[in-house]
Amino acid sequence: MGSSIRKAIELILSADPELLNILSTTAKVCLTSSILALVLGVPVGILLGAERFPGRKVLLVLNRTLIGMPPVVCGLLFYMLFSGVGPFRHLHWLFTVKLMILAQVVLITPIIIGVMETFVADTAPALRETARGLGFGRMKEYRLLMNECLYSIFSAYLLSFARAIAEVGAVAMVGGAIAWKTNVMTTAIMMYTNRGSFTLGIALGLILLTLSLLVNIVLSVMQGRLSR
Amino acid sequence: MKKIVSLLLAMIMIFALAACGQSAAPAPAATEAPAAVEEPAAESAPVEEAAPAEEPAPETDALVVDTCILKEADDAMINNYSLLAVNPDAPFVDADGNAVADVELNTVGAAALINWLLSEEGQNLAANYGFEEYGEYLFYLKDGRPVSTAEIPEATEETKHIRLSTTTSVNDSGLLGYLLPIFEEKYGYEVEVYSAGTGKSIANAKMGNADLILVHSKKQEEAFIADGFSYVIDGMETERLNWMYNYFVLCGPSADPAGVKDAADVKAAFKAIADGKFTFISRGDGSGTHTKELSLWPEELGITAEAESFKDYTDWYVSANTGMGACLVMAEEMGAYILTDKATFLTFVANDGVMG
Amino acid sequence: MKTTAFTKTYSRRMVLSLPELTLPEGKITAVIGPNGSGKSTFAKVLSGIEAADGRHPVLSGVSVGYLPQKSFPFRMSTEKNILQNGSDPARAAALMKALGIEALAGQSAKKLSGGETARMALCRILMRRYDLLILDEPTAAMDMESTLAAENCIRAYCAESGCGVLLITHSISQARRLADQIVVLHEGRLIEQGDTERVLSSPREAQTRRFLEFFGV
């Protein structure tokens with residue numbers, strides 16, 4: 001294993017073109033999908049947490065179910081829908097980065113909604129009582145609520161990004177792990193390991209772990225900053 | 001939060017320690033120095049330097065591969081590769097079994113790629129592939145193979161993307177990575193290679209997700225044609241364009257406890273392995289290699305792709321359900337017998353059993 | 001200022017049922033009563049945070065400020081918290097000084113202690129003029145010194161702005177110090193109402209007497 005790790009480090013240091021391509025595809029897929037999920041998930045999560053309306057409980061149960069959906073199931077669903085014989089075949093999205101992003105948005109938006117809903121449901125009642133007591137309008141109340149949410153938005157984002165980058169089932173299924181086009185870090189690790197070639201897998205694994213470490217360091221630093 | 005961070009730190013440190021510990025042992029010099037020039041092939045960059053014309057020399061290094069070819073060039077072991085263009089008017093059905101008439105395929109691109117692979121240029125490149133790196137030819141051209149002299153059109157915006165569904169063993173041999181860039185450069189196409197076991201790769205084409213397939217399982221190819229999924233492209237005579245082949249080889253530990261080297265033929269060799277209950281690694285993934293292996297066991301054992309069929313043989317028959325390279329690593333570690341295509345095996349040996 | 005009669009069903013099927021009440025402007029009315037007598041519910045209904053049964057309005061045409069028992073510190077500095085409710089920094093500074101939290105102006109409000117948060121919250125609500133200001137146990141978390149400072153601020157606010165103040169309190173002595181009139185609640189009903197001196201010295205109702213005896217009055 002030691003020599004494999006050394007080769008992997010050499011591979012990283014030599015800026016291997018395939019490795020770079022995999023990294024840039026990964027960045028494109030994960031950044032886009034996590035940002036889209038954030039844009040969709042934060043307002044929905046805040047509304048679900050702050051407002052009480054009929055059907056809210058049903059939506060929460062539905063969301064929790066989606067959080068638990070195995071990525072391969074999501075991948076299979078989109079593979080069927082966008083396949084050459086599927087209903088959305090004319091879009092030609094199968095085995096493209098676009099569909100990988102879509103599948104990941106479906107996978108991680110519920111996580112963001114869940115995190116936001118839990119936080120807001122905890123915070124909103126007390127904040128609302130105070131804000132209404134002061135005679136503030138609805139707009140100002142929501143502005144203050146958003147301000148409270150800053151850290152949880154941030155940590156929800158990192159959580160969803162981490163899930164996106166570590167996810168393999170869905171992107172392998174809808175992306176096809178096509179070299180130079182839709183191969184991301186996790187699918188490449190899987191592909192190369194199946195092939196019996198561990199170097200690139202280890203190199204990518206090291207990068208993933210390092211990224212995860214950085215994300216967590218940023219998270220714990222920002223927690224102190226933002227929760228003030 | 002702090003706990004997670006420290007856990008991650010610990011993991012990275014363990015990784016680093018493992019790396020240092022291992023690399024410190026063989027080379028007492030600097031741990032980082034990538035230029036271990038004096039060292040045997042074992043430590044050098046995987047591909048470029050392993051070339052010296054002779055077979056990987058039997059170094060007395062601990063890393064040398066023990067698994068070796070025990071049986072090859074048997075007629076039962078020929079591994080035929082065929083190209084099949086996917087028929088745009090095939091009886092495609094959706095998940096509910098309803099007919100789908102308007103599946104869009106890039107027939108022009110598929111024909112262009114086929115014509116190029118079967119042209120003199122494409123055939124020569126394929127035939128010579130691997131000699132420089134491994135000192136052996138990996139693929140052979142078939143006698144009476146289809147040859148194309150058709151003009152190959154430049155790519156247009158509509159025909160640019162070609163989707164090729166192929167098997168892992170073709171992809172892993174590096175042949176496509178060698179051929180396709182030349183084709184793409186010359187005519188402006190972009191070939192997207194989807195690689196999976198033959199079964200999955202054909203299923204992918206049946207769902208309208210490939211313009212052509214390159215596989216090596218005659219039975220499955222014929223079924224594909226019989227179902228109407230392939231068609232004869234202009235200038236060819238048949239759907240199944242079988243133009244090159246290589247050999248499956250039966251490999252195993254150099255000591256050869258089952259004595260397969262002395263067996264009369266491959267079937268006898270497989271019988272010897274089964275009789276002696278020597279560990280055998282099966283791909284177990286519905287790939288062409290797996291299909292071939294299943295056809296070589298004595299019939300009375302009744303081994304098929306179904307898990308049920310080998311449940312009594314689990315003490316020696318290992319169904320790995322993974323790629324060729326990973327199976328070879330496993331066989332090397334377990335001192336097991338294994339059926340593999342020669343190309344992958346040579347790559348494996350050239351890289352000292354690490355596969356890159 | 002007059003409130004209409006209303007009923008409100010609250011926790012554990014308790015019903016708060018109150019008649020019409022007059023809250024004089026420029027005066028402080030204290031609401032006392034044992035735990036669970038409906039004081040806080042009364043404050044919430046009056047402030048409009050919770051609706052009375054049948055959703056009919058209890059107070060109309062007046063602006064109401066309400067300081068809950070546990071006021072929420074927004075995620076910003078103490079000073080910015082206070083300036084959320086008015087844009088006069090001089091007034092904010094004066095209030096903070098009066099309540100002894102001027103040194104905490106730049107500090108994150110989330111890091112304040114319970115007593116400091118209570119003082120910040122009081123400063124915040126006193127920034128603006130309301131027709132009726134409802135304070136739900138504003139000094140419960142404060143020490144004696146801060147309590148007295150807070151009482152001075154409330155008294156001054158009431159006198160300056162001429163608005164009505166409704167003070168919910170557990171402290172009979174605070175009611176005696178601050179209030180012009182007292183309302184006594186018991187099990188969701190108004191059992192006594194009158195001038196502070198009169199209610200505390202010669203309560204008419206047996207329930208009030210029992211409650212006051214508890215405090216050694």
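Helices (H or I, at least four residues) and strands (E, at least two) are DSSP runs, numbered from the N terminus. This is a predicted model: local features need pLDDT of at least 70, side-chain atom pairs count only at pLDDT 80 or more, and totals for chains, interfaces and linings use all residues. Residues are numbered from 1 along each chain as its sequence is written, while chains are lettered from A and ligands numbered from 1 in the order in which they are written.

**Exercise 1.** Place F95(A) and state whether F95(A) is buried or exposed.

Solution.
- Step 1: find the loop. F95(A) sits between α4 (71-82) and α5 of chain A.
- Step 2: check phi. F95(A) is not a glycine, yet its phi is positive, near 60 degrees.
- Step 3: recall the background. Most residues other than glycine have a negative phi.
- Step 4: count neighbours. F95(A) is buried because it has 25 C-beta neighbours inside 10 Å. The cut-offs, with C-beta atoms placed from the backbone, are: buried, 20 or more other C-beta atoms within 10 Å of its own; exposed, 12 or fewer; partly exposed, in between.

**Exercise 2.** Do the same for E187(C).

Solution.
- Step 1: E187(C) belongs to the loop between β9 (181-186) and β10 (189-195) of chain C.
- Step 2: E187(C) is not a glycine either, and its phi is positive, about 50 degrees.
- Step 3: E187(C) has 15 C-beta neighbours inside 10 Å, so it counts as partly exposed.

**Exercise 3.** Describe the side of chain A that touches chain C.

Solution.
- Step 1: 13 residues of chain A are in contact (C-beta atoms, placed from the backbone, within 7 Å) with 19 residues of chain C.
- Step 2: α5 (97-133) and α6 (138-166) of chain A each give two or more residues to this side.
- Step 3: α5(A) gives the largest share, 6 residues.

Definitions and conventions. Two residues are in contact if their C-beta atoms, placed from the backbone, lie within 7 Å.
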